[in-house]
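Let's take a friendly walk through this model, from the inside of one chain out to its partner. Keep the viewer open as you read.

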Amino acid sequence: MFVDIQSLSFDYDKHTKVLTEFSLLIKKGDIVALIGRSGSGKSTVLRLITGLETPIKGRITVNNKVFFDKHTNLPPEKRNVGMVFQDFALFPHMTVKKNVAYGLDHLSKQKKAARVNELLELVGLSHKEKNYPHQLSGGEKQRIALARALAPKPDMILLDEPFSNLDTELKDAIRDQLKAIIKQTGVTCIFVTHDLKDAKQIADKVINHT
Amino acid sequence: MKKWSAKFSIFTALTLITTVLVLLPFSNLFFNLFNKANDVWIHIRTFLLFDYIKNTVLLLVLTGIFSGLIGFFSAYVVTFYEFKYKKLLSWLLILPLALPSYIAAFIYADMFSYTGSFARLLRAVGIHHNFDMMSLLGAAVIFSFTLYPYVYMLVKAGLKKHNQTLTDSAKLLKASPFKRFRTLTLPLSRPALIGGILLVLLETLNDYGVVRYFGVRVFSYAIFDAWFRLGDLSSAIRLSAIVVIFVFIIVIIEKAFRGKKSYNILKGHKPLRLKHPTKTGRIIIYFFLISILLIGFFIPTIEMIFNLFTINFTLFSVDLIYTILNTLIISITATLIIIVIALAIANFGRFAKSKLAKGIVKLTTLGYSIPGAVIAVSVLLFFTKVDGFLYPLYELFDKDTKTLVLTTSLVMLTFAYVLRFLTIGFNTIDASYEKIGTTYTEASYTLQKSKLKTLFLVDIPLIKSGLIAAFIIVFIDIVKELPLTLILRPSNYNTLATTVFIYARDEMIQEASAPALILIIITVIPIYILTHQKRGKNHVR
């Protein structure tokens, strides 16, 4: 399996168990929706995969690379996993272009520019490259955050409640766009939501996490 | 890759090193407490200790009440009332922070002395009463008028967050203006008021210049006295331990007064409706605010300018230029070190989950609550030991080396500054980090950037204004600092603060005026920059 998560457990302190013995298998290129009530620990799963939190036990393997087990704990910057945060986390002091280019230090200047253009075209926002995040609408911010996460060609991409900051009308329009973009890149994806409609419309597989 | 490596970073390393360096001098002090009591200590305990405790408590109580009243009501007036020159006055009210208490003390003592300008003025109008400025009450007044800006700034920030809806509800419930003040404004501002008074009291405990000059026998006076006049370090250590107990009691009282309630500001914040005072009201407001400003800043400053003309003093002598350079170089160096360490600790702390890690962060920022005299004792003891330990190494480089190398160098003084002022730098930076949250940093990590790269590319640009504020606040404090500098400076090394103190101690008040004025100018400029700092267009929303 492309993503192999086994018996993952996590808590913030001894009294609050957030995640117990969580396991998940995902095929390459699949979009998986993790659905559940707020506070059920679904966002924590994403944070554990990225390495922003450390599990107390379990094993995480992606593309045959061990992220976490008894002996290993790769830092986030070594995991090659992209993430779109709930509030998008676009760097407010950088333009759209700089935001998208942020994770592309390993490329030459020309290749970097080409990759940024490619991504901005993919999300349909080439004309906004000189804008700052505060000059974008909610939907545009989300697409730029997605472009930024996809730019370094991550092994997988994680989306934390991608629609929670969008208006209902915008949400309906953007769901299909999002699915199309992810499918076009072929990247494996997990997204977390509390809305079954979101999950059914976008995901190949829905996992109910309670 | 080993499991710990994901968590361990340069921030962790710097935090742990700082913790050790903070704890070593204090634990050294603690262990020295268990040495057998000598005759000097028995003498102090029998004849002097009660007076030290009584004077310290009285000074703290009076200063707390006066500064609380001045700070609270000045903040109240500029927040709730609309009047001409309000903006200017609300900025000017911060200015006394630029005037070190000891400078105000020298100037007022001189003005109130028999030949002083104020005493002569009173005699000229037929008042022959002699005000004894150089007393405990005089010291409390000086501290209150120079330190109240701590209360003023915190209360003003707190009052600004008050919601008009609360006042409107109280009005509909027929609460009188006094009842609204007593039941809403006062309790809602209590955390800020108590927090501000705590800062004033810690500064009062830290002071040496005022109490030494006025001869008020409180603890910082006693520590210096035991150490330098009676020549007994072990008694100074015991007195220091009692001061630390005092600090803990004050902090506990502050916690108790602040209470467990946390007042959440209602969302959908409705701006305050400002009151327009009557003509009489306006006169009272102007009289109140201008009196505070005159006493707390302008009278001493103008008197110093007059002093300069009286003695025909050269403003910039070669010695003074060296002193200014010394002050700027050591203050900037220590501030930069503090900012780097505070940045590392804040970074370590914001992602720390365990109680141990949070405890470590608290430990590293102990210094500000410990008075300068106590830090001086601890640091001197510590560096003497370090020098003893490193002596074989010194000998490798120079066979005729002196025993105390670090102890007689600026390293020790810089170390002491870091120990004392790290808290201020840390708190300001930490508050900025709290505003931006952790997601920008986390987003950067997921985009394959290391912690250090993230710091420079994301964190620092986003908290830039907080960093500048931290730099300015720490810098001002170090420029003004007296007790640490006085004890730990190498011989023949002077800063503006020590120069002012030495002139004043030698009854050369007029000569003290030039360095004192320069010191004030050096602190006023950053205060102006800090209060007029504009936020960039891309600031975090």
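**Two domains, then two chains**

In chain B, the C-alpha centres of domain 1 and domain 2 lie 30 Å apart. Bear in mind as you look that this is a predicted model. To colour the two parts yourself, use the domain assignment of chain B: domain 1 takes 1-31 + 325-484, and domain 2 takes 49-87 + 100-293. Where they touch, domain 1 of chain B contributes 17 residues and domain 2 of chain B contributes 20 residues.

How much area do domain 1 of chain B and domain 2 of chain B bury between them? The value is about 1,700 Å², with 75% of it on carbon and sulfur atoms. Turning to specific pairings, there are zero salt bridges across the interface of domain 1 of chain B and domain 2 of chain B. Polar contacts do occur across the interface of these two domains of chain B, in three residue pairs (both at pLDDT 80 or more).

Which helices should you pick out on the domain 1 side? In chain B, helix H16 (372-397) and helix H20 (464-480) each supply at least two residues of the side of domain 1 that touches domain 2. H16(B) gives the most to that side, with seven residues. Sorted by class, the side of domain 1 of chain B that touches domain 2 of chain B holds 12 nonpolar, two polar and three charged residues.

Now step outward to the boundary with the other chain. Here the contact draws 29 residues from chain B and 36 residues from chain A. Chain B and chain A bury about 2,800 Å² between them, and 60% of this area is on carbon and sulfur atoms.

How many salt bridges are counted between chain B and chain A? There are three salt bridges between the two chains. One pair to display is A:Asp105 with B:Lys449, a salt bridge whose closest N and O atoms are 2.9 Å apart. The interface of chain B and chain A also has eight residue pairs in polar contact (both at pLDDT 80 or more).

On the side of chain B that touches chain A, the elements giving two or more residues are helix H18 (439-446) and helix H19 (451-462) of chain B. The residues of this side of chain B divide into 11 nonpolar, eight polar and 10 charged.

How values were computed:
Residues numbered from 1 in each chain as written. Chains lettered and ligands numbered in written order. Predicted model: local features only at pLDDT ≥ 70, side-chain atom pairs only at ≥ 80, totals over all residues. Heavy atoms only, no water. Domains from an automatic or database assignment. Contact = heavy atoms within 4.5 Å. Buried area = accessible area lost by both parts, 1.4 Å probe. Salt bridge = Lys/Arg side-chain N within 4 Å of Asp/Glu carboxyl O. Polar contact = N/O pair within 3.5 Å; in protein donor to acceptor, adjacent residues only side chain to side chain. Helix = DSSP H or I, 4+ residues; strand = E, 2+ residues; numbered from the N terminus. Nonpolar A, V, L, I, M, F, W, Y, C, P; charged D, E, K, R; others polar.
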